[in-house]
Amino acid sequence: MWGLKAVATSLLVCSVLGARNFPPDFKFGSASSAYQVEGAWNYGDKTPSIWDVFIKKYPNVIIDNSNADIACNSFHDWERDVKMARELGLDYYRFSISWPRILPTGKQDRISEYGKKYYNDLINALLENGIKPVVTMYHWDLPQALQDWGGWLNPLITDWFENYARVLYSLFGDRVKTWLTLNEPLIFCELSFNTGKHPPGLLSAGQGNYVCNKNAMLAHAKAWRVYDKEFREKQRGKVSLANQYIWLEPHTDSEIDVEATKIARQLMIGMYTHPIFSKDGGWPPVIERIVAEKSKKEGRFLSRLPGFTQEEIEVIKGTYDFLGINYYTARTVNKVEDGVEVGEWPLLGSSDLDIQLTTNDKWNMTDASWLFEHPVGFRRLLNWLKNEYGDIDILITENGYATNKTIIDDQARVKYMEKHLEQVLLTINEDKIKVIGYTAWSMMDNFEWCDGYSLRFGLYEVDFKDPKLKHKPRASAHYYTNVIKHRSLDFDDKISNIITGEL
Ligand code: PNW
């Protein structure tokens, strides 16, 4: 009797365990971005980015009055970063290229030898250690030289970006096979123009964000097309973008909230996805209609949302080889009366839709004021994307957890990762969605934009008070190393001693 029970139990355990294994070709990575880790802000011929200029002009916008002049010193200490990636056992490392470090004028008239050498060294060292580079071309650090020409509000940026992309493919495309054009255009357009919290700090709510949105879609598309026409045959890589998706659910069961949520998803997700990934291309029609109606009511001659020409729709449509997704959090949607103040966060033209975005009491709050945990929302989001745009290979380009303390035994981060990876597995196994990889944000603590060094996302802790910036692996680094090693969420839970932390 007991024997049978034991067999039954172990069979059950095995099948449950089996369900928590990743497919053999699933890839694991971790990420950073140039501005957040490199430092060396004015080394050699590098010119300032909009973040350098913004922080120097308004130091108080950063919570702890810090800056990223040194950050993690990755520009000088890239060997340590490669060591960390190797210790973790990563299949790939996602990092970004600083546009003003490679092209000091922002335009292709001069390529910096310093910039070229730095990224060549990093890419070569990663490859020598069996780690693939996944490279983001733009992670928010626009050359100030281009901001002086209007930055993301000038349609010429689509040409500047195309030319920059061409330079990157020619310099590094022989070794880099996965490219992300833009990181989170939704966030940089919204925070730069709808709230004015990010540089250039130009508040143009309800207009600048939409112009930026349009230019970002075209810039991405042109960069993809350059690859397709001039490089794909020889280099055989893949190009997409990394979109930030905040999953939305109705605040109540009311028909009104349910309907409002469907529309809000088209604003929050569709505006940066529909033009590229849908069959018809262009803006999500419902948003185009609502903003046009609102604009008319305001007495405007034209909609605040600039339209696409048919030619532009065609240029943008289909410019992807996979879809990059950054997922952290979710919100609930409730409809408010026309004209009611909806507050600033969480942003995103909420006033155009007359909705308020709040949260569900059941979702754990984290130390980041915007980050509420809703792992099931991750799976729902992936299913929503499949329903809207069909079967597309999906690379999770970011997912991570913040603490406001320097805590080594970061069990809350471990749990967050496990819960989100579990949803990824369910999506692959049950929903048959092709998720090809997962990227933990971030490999190490770094400069967290307006939160400075007060919020920590790292698998490795960084002591920013130490001139040597000592790094130490957290419990989450050990956990992730085990997940990668076993390609499973089930493993003997002893803390592995693979990681020495001697960096
Ligand atoms: C991302 N949200 O930003 C960025 O890509 C990283 O540079 C950043 O360090 C990281 O996430 C953590 O903040 C986000 O509102 C901005 O849900 C906003 C949201 C999520 C991520």
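Which residues does Asn-334 touch, not counting those up to four places away in sequence? Asn-334 touches His-251, Asp-257, Asp-354, Ile-355, Gln-356 and Thr-358, where contact means heavy atoms within 4.5 Å. Let's keep that residue in mind and step back to the whole chain before returning to it.

A word on the ground rules: this is a predicted model, in which local features need pLDDT of at least 70 and side-chain atom pairs count only at pLDDT 80 or more, while totals for chains, interfaces and linings use all residues. Residues are numbered from 1 along each chain as its sequence is written, and side-chain values use heavy atoms, with hydrogens and water left out.

The chain holds 18 helices and 11 strands; these are DSSP runs numbered from the N terminus, with helices being H or I of at least four residues and strands E of at least two. The radius of gyration is 22 Å, close to the 23 Å that the globule rule gives for 503 residues, so the chain is as compact as a globular protein of that length. That radius is taken over C-alpha atoms, and the rule is 2.2 Å times the number of residues to the power 0.38. Along the principal axes, the C-alpha atoms fill a box of roughly 80 × 60 × 50 Å.

Of the 503 residues, 59% count as buried, meaning under 20% relative accessible area (exposed is over 50%, partly exposed in between; 1.4 Å probe, protein chains only). Among contacts between residues at least 6 apart in sequence, 76% join residues at least 24 apart.

Now back to our opening residue. Asn-334 sits in strand β6 and is buried, with a relative accessible area of 18%. Strand β6 covers residues 323-335 and runs antiparallel to β7, joined to it by four bridges; two strands pair if DSSP finds at least two bridges between them. Within this pairing, Val-333 has Leu-357 of β7 as its bridge partner. Strand β7 spans residues 355-358, and its two faces are unlike in cover: Ile-355 and Leu-357 make up the covered face, Gln-356 and Thr-358 the uncovered one. Ile-355, Gln-356 and Thr-358 are also among the residues that Asn-334 touches.

For a helical stop on the tour, try Tyr-210 in helix α10, which takes in residues 208-235. Tyr-210 is buried, with a relative accessible area of 3%. From C-alpha to C-alpha, Tyr-210 and Glu-461 lie 38 Å apart in space, with their positions 251 residues apart in sequence.
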